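Me: Got a minute to go over this one? I'd like to start with how two of the helices pack.

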Amino acid sequence: MRAVPRWLAEAEETIAAVFARQGYDHTRMEDLSAATGVPRATLYYHFAGKEEVLEWLLRSTLVEVAEAVAGAVKEPGDARRRLELVVRALLASMGRRPAACRVLLADLGRAGHLGEIAAGIMEGFHGPVLDLLAEGAADGSLRPVADPVRVAAAVFGAVTVAALQSLLLDAGLDEDGVASVVLDVVFGGLEER
């Protein structure tokens, strides 16, 4: 895959919408060309085929998530506040890319090697959350946890599954509603007080 120019990257959500609407198996490069107005030959110049387009969608989404999370982690405040900002940053990234999120959920196995996907999630989300969990235990804003790796995975899972459910079942992603519910569970738990 060649470097994707900005003008083509701006059509990313349109491309993702074609995959989401038609499904991977029924999407052709001609369909992507028609939806974006980019000549088919130009698409083939940048991508060997639709599998590379899907890989690009995934990588681009992971990069945006990593940048949003990194920005949230750098904000002022204790670790608890910054963890809340991380959750909201992930939701905002998903809200900016609803079609990409839908298609990646449906075709994750085709979007690249699962090891690379896991590494991207670890680097872009889990790593910063692990750091915040340690900082929170040290600054007293979060309780120490016995298995921070699984806690980071649980937070990621809670956010992404709740957001994807909202994207699939609702008219769009209710970022504040999803954040409120997820943060209540993350910070408050489900025990009766």
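Reply: Sure. Keep in mind that this is a predicted model. Helix α5 passes α6 in a right-handed crossing.

Me: Which residues meet there, in α5 and in α6?
Reply: From α5, Glu64, Val65, Ala68, Val69, Ala72 and Val73. They meet Arg82, Leu85, Val86, Ala89, Leu90, Ser93 and Arg96 in α6.

Me: What's that by class?
Reply: The α5 contact with α6 has nine nonpolar residues, one polar and three charged.

Me: And the geometry? What angle do α5 and α6 pack at, and how far apart are their axes?
Reply: The angle is about 150°, and the axes are 8 Å apart. α5 covers residues 50–73, α6 residues 79–96. Angles over 145 degrees count as roughly antiparallel, so α5 is roughly antiparallel to α6.

Me: OK, zooming out. How many helices and strands in the chain?
Reply: 10 helices, zero strands. From the N terminus on, the order is α-α-α-α-α-α-α-α-α-α.

Me: What box do the C-alpha atoms fill?
Reply: Roughly 60 × 30 × 25 Å, along the principal axes.

Me: And what radius of gyration does the chain have, against a compact globule?
Reply: The chain has 18 Å. With 193 residues, a compact globule would be near 16 Å, so the value agrees.

Me: What share of the residues is buried?
Reply: 41% of the 193 residues in the chain.

Me: Last one, on contacts between residues at least 6 apart in sequence. What share joins residues at least 24 apart?
Reply: 69% of those contacts in the chain.

Note on methods. Residues numbered from 1 in each chain as written. Predicted model: local features only at pLDDT ≥ 70, side-chain atom pairs only at ≥ 80, totals over all residues. Heavy atoms only, no water. Axes fitted to C-alpha atoms, helices over the stretch in contact; angles between N-to-C directions. Helix = DSSP H or I, 4+ residues; strand = E, 2+ residues; numbered from the N terminus. Parallel < 35°, antiparallel > 145°, perpendicular 65-115°, else oblique. Left-handed = near helix turned anticlockwise from the far one by under 90°. Contact = heavy atoms within 4.5 Å. Nonpolar A, V, L, I, M, F, W, Y, C, P; charged D, E, K, R; others polar. Rg over C-alpha atoms; globule rule 2.2 N^0.38 Å. Buried < 20%, exposed > 50% of the residue type's maximum accessible area, 1.4 Å probe, protein only.
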